[in-house]
Amino acid sequence: HLVESGGGLVQPGGSLRLSCTASEGTLSTYALGWFRQAPGKEREFVAGIPQNGARTYYPDSVKGRFTISRDNAKNTAYLQMNSLRVEDTAAYYCAAHRSILQIPTTPSYWGQGTQVTVSS
């Protein structure tokens, strides 16, 4: 079970860091990803990282502003979000799969989500 935290209300241009932990088991054997879904829109992949954290993956919409990382010793993954925009407002979800190749399209496990609202 994946558990997200760290969401909240932030002004445009601000920053937030989301966290993802596992209530059971270990995350170190899974590739991890972050997704978001705004009301009336489809769920969107925003970041991915393999088990060893050797590289990261982002769509153009967040590249240069969002950073995914993981600390396997703490069984936690993070999404650092900088220069936030109103259009970043969404529910953000952590996801996991054994293969990083499947993360953007068909993760095996999902968290319950945490809301991020960017507004002045």
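In what order do the elements of the protein chain run from the N terminus on? They run β-β-β-β-β-β-β-β-β-β, and the count for this predicted model is accordingly given as zero helices and ten strands. The radius of gyration of the protein chain is 13 Å, close to the 14 Å that the globule rule gives for 120 residues, so the chain is as compact as a globular protein of that length. Along its principal axes, the C-alpha trace spans about 40 × 25 × 25 Å.

From the overall outline we can turn to how the chain is packed. Of the 120 residues in the protein chain, 46% are buried. The chain exposes about 6100 Å², and carbon and sulfur atoms supply 48% of that area. If one takes the contacts with a separation of 6 or more, residues 24 or more positions apart account for 57% of them.

The aromatic rings give a detailed view of such links. A pair of aromatic rings is described by the distance of the centres and the angle of the planes. In this structure the count comes to three aromatic pairs. In one of them, the rings of Tyr-30 and Tyr-109 have their centres 5.7 Å apart and their planes at 85°, and because an angle over 60 degrees counts as edge-to-face, the pair is given that name. Tyr-30 lies in the loop between β3 (16-22) and β4 (31-37), whereas Tyr-109 belongs to strand β9 (residues 109-110), so the pair ties together parts that are 79 residues apart in sequence. The two partners also differ in their surroundings: Tyr-30, at 15% relative accessibility, counts as buried, while Tyr-109, with a relative accessible area of 46%, is partly exposed.

Another pair is formed by Phe-35 and Phe-45, whose ring centres are 5.5 Å apart and whose planes meet at 65°, so this pair is edge-to-face as well. Phe-35 sits in strand β4 and Phe-45 in strand β5 (residues 44-49), and the pair links these distant parts of the chain, ten residues apart. Phe-35 counts as buried because its relative accessibility is 4%, which is under the 20% limit, and Phe-45 counts as buried at 15%. Ring pairs join Phe-35, Phe-45 and Trp-110 into a cluster.

Trp-110 has a further partner, since the charged end of Arg-43 sits over its ring, 4.4 Å from the centre. Arg-43 also lies over the face of Tyr-93, at 4.2 Å from that ring centre.

Two loop residues offer a contrast to finish with. Asn-75 lies in the loop between β6 (66-71) and β7 (76-81), and with a relative accessible area of 17% Asn-75 is buried. Its side chain reaches the backbone nitrogen of Leu-27 at 2.6 Å. Leaving aside neighbours within four places in sequence, Asn-75 is in contact with Cys-20, Thr-21, Ala-22, Gly-25, Thr-26, Leu-27 and Ser-28.

Is Glu-87, by comparison, buried or exposed? Glu-87 lies in the loop between β7 and β8 (90-97), and at 55% relative accessibility Glu-87 counts as exposed. Computed along the chain or through space, the separation of Glu-87 from Ala-47 can be stated in two ways: 40 residues apart in sequence, and 16 Å apart from C-alpha to C-alpha.

Terms used. Residues are numbered from 1 along each chain as its sequence is written. This is a predicted model: local features need pLDDT of at least 70, side-chain atom pairs count only at pLDDT 80 or more; totals for chains, interfaces and linings use all residues. Side-chain values use heavy atoms; hydrogens and water are left out. Rings of Phe, Tyr and Trp (its six-membered ring) pair if their centres lie within 6.5 Å; planes under 30 degrees apart count as stacked, over 60 as edge-to-face and the rest as tilted. Helices (H or I, at least four residues) and strands (E, at least two) are DSSP runs, numbered from the N terminus. Buried means under 20% relative accessible area, exposed over 50%, partly exposed in between (1.4 Å probe, protein chains only). A charge sits over a ring if NZ of Lys or CZ of Arg is within 6 Å of the ring centre and within 35 degrees of the ring normal. The radius of gyration is taken over C-alpha atoms; the globule rule is 2.2 Å times the number of residues to the power 0.38. Contact means heavy atoms within 4.5 Å. Accessible areas come from the Shrake-Rupley method with a 1.4 Å probe; for residues, only the protein chains shown count as cover. A polar contact is a pair of N or O atoms within 3.5 Å; within protein, one must be able to donate a hydrogen and the other to accept it, and residues adjacent in sequence count only if both atoms are side-chain atoms.
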